[in-house]
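Student: Hi! Could you walk me through this one with me asking as we go?
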Amino acid sequence: MGEIAVTKKDSKGELEKYLGSREMLDSFKTVLPRFMTPERLLKAAMVAASRTPKLYECTKMSLAQSLMRAAELGLDPSGTLGQGYLIPFFNSKINQTECQFISGYQGLIELCRRTGELASIEARCVHEGDIFEREYGLENKLRHIPDLDGDDRPIIAAYAVAVLKDGSKQIEVMSKKQIDGIRARSKAGNSGPWVTDFEEMARKTVIRRIVKYLPKSVDIIRAI
């Protein structure tokens, strides 16, 4: 695979031909889980490119490597399911646009569930106007009553709750300021899902925080 940029003049057909070559499909097949096929991965990549045309400007190698990472984790990279995203960013060191795969909120949830150690795990955002109480002590407590008319109001926090199969619970809360701090350190903080799906990324951020205290798998460590 050579380091050749996919310019705007390259057609959808040319990109599909490259990623759909027998060599590439065979490479994806070696790492994909049984429930995914190379053809399904290729279709997801093309959906992602149609949603984010700047992906056509990314180097072919970075696109292939990003899809390989998605294949290793068994996550859909199209962005439509919230499992993962293909994000273009400009690499000033090589003066070219490259692609990076990042897992989404639903992707991390899926990887957590695959460990077989959790009874449930979820994350939610808190908006202005919601009733939200967090109590620390010998028995940690959390109370959240959403304002049903408050979905359009600013997010002030996000939290995650995980229940293990032995009944033990883990709770993690992050303020909007803490979430914004994570966003500021991200290479894709000003593009992609941070712009189009901020609430999903806020949920993902707090899930990443709570995962530190939960049973882990190799896939979860890779995704983080």
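Tutor: Happy to! One term to start with: two strands pair if DSSP finds at least two bridges between them. Keep in mind that this is a predicted model.

Student: Okay, so over how many bridges do strand 3 and strand 6 pair?
Tutor: Strand 3 and strand 6, which covers residues 155-164, pair over nine bridges, in the antiparallel sense. For example, Ile121 stands opposite Ala162 of strand 6.

Student: What order do the strands of that sheet come in?
Tutor: The order is 3-6-7, in an open sheet of three strands with antiparallel pairing. Strand 3 (118-127) and strand 7 (169-175) are the edge strands, each pairing on one side only. On average, neighbouring strands here are turned by 10 degrees against each other, ignoring direction.

Student: And what holds strands together in a sheet?
Tutor: Strands of a sheet pair through backbone hydrogen bonds.

Student: New topic: how many cavities of 30 Å³ or more are there?
Tutor: There is one, and the largest cavity has about 40 Å³ of space.

Student: Which residues line the largest cavity?
Tutor: Leu15, Leu19, Ala45, Ala49, Leu55, Leu63, Leu67 and Leu86. By class, that lining has eight nonpolar residues, with no polar and no charged ones. Helix 1 (12-19), helix 3 (38-51) and helix 4 (60-73) each supply at least two of the lining residues.

Student: What about helix 8, why is it largely enclosed?
Tutor: Ten of its 14 residues are buried, so the rest of the structure largely encloses helix 8. Among the buried ones are Phe198, Arg203, Lys204 and Val211.

Student: How far does helix 8 reach from its first C-alpha to its last?
Tutor: Helix 8 (residues 198-211) reaches 20 Å, close to the 20 Å expected at 1.5 Å a residue.

Terms used:
Residues numbered from 1 in each chain as written. Predicted model: local features only at pLDDT ≥ 70, side-chain atom pairs only at ≥ 80, totals over all residues. Heavy atoms only, no water. 1 Å grid on protein atoms, 1.4 Å probe; cavity = no way out; pocket = protein on both sides within 12 Å on 5 of 7 lines; lining within 4 Å. Points joined across faces, edges and corners; volume = space filled by probe spheres on them. Helix = DSSP H or I, 4+ residues; strand = E, 2+ residues; numbered from the N terminus. Nonpolar A, V, L, I, M, F, W, Y, C, P; charged D, E, K, R; others polar. Expected span 1.5 Å × (residues − 1). Buried < 20%, exposed > 50% of the residue type's maximum accessible area, 1.4 Å probe, protein only. Axes fitted to C-alpha atoms, helices over the stretch in contact; angles between N-to-C directions.
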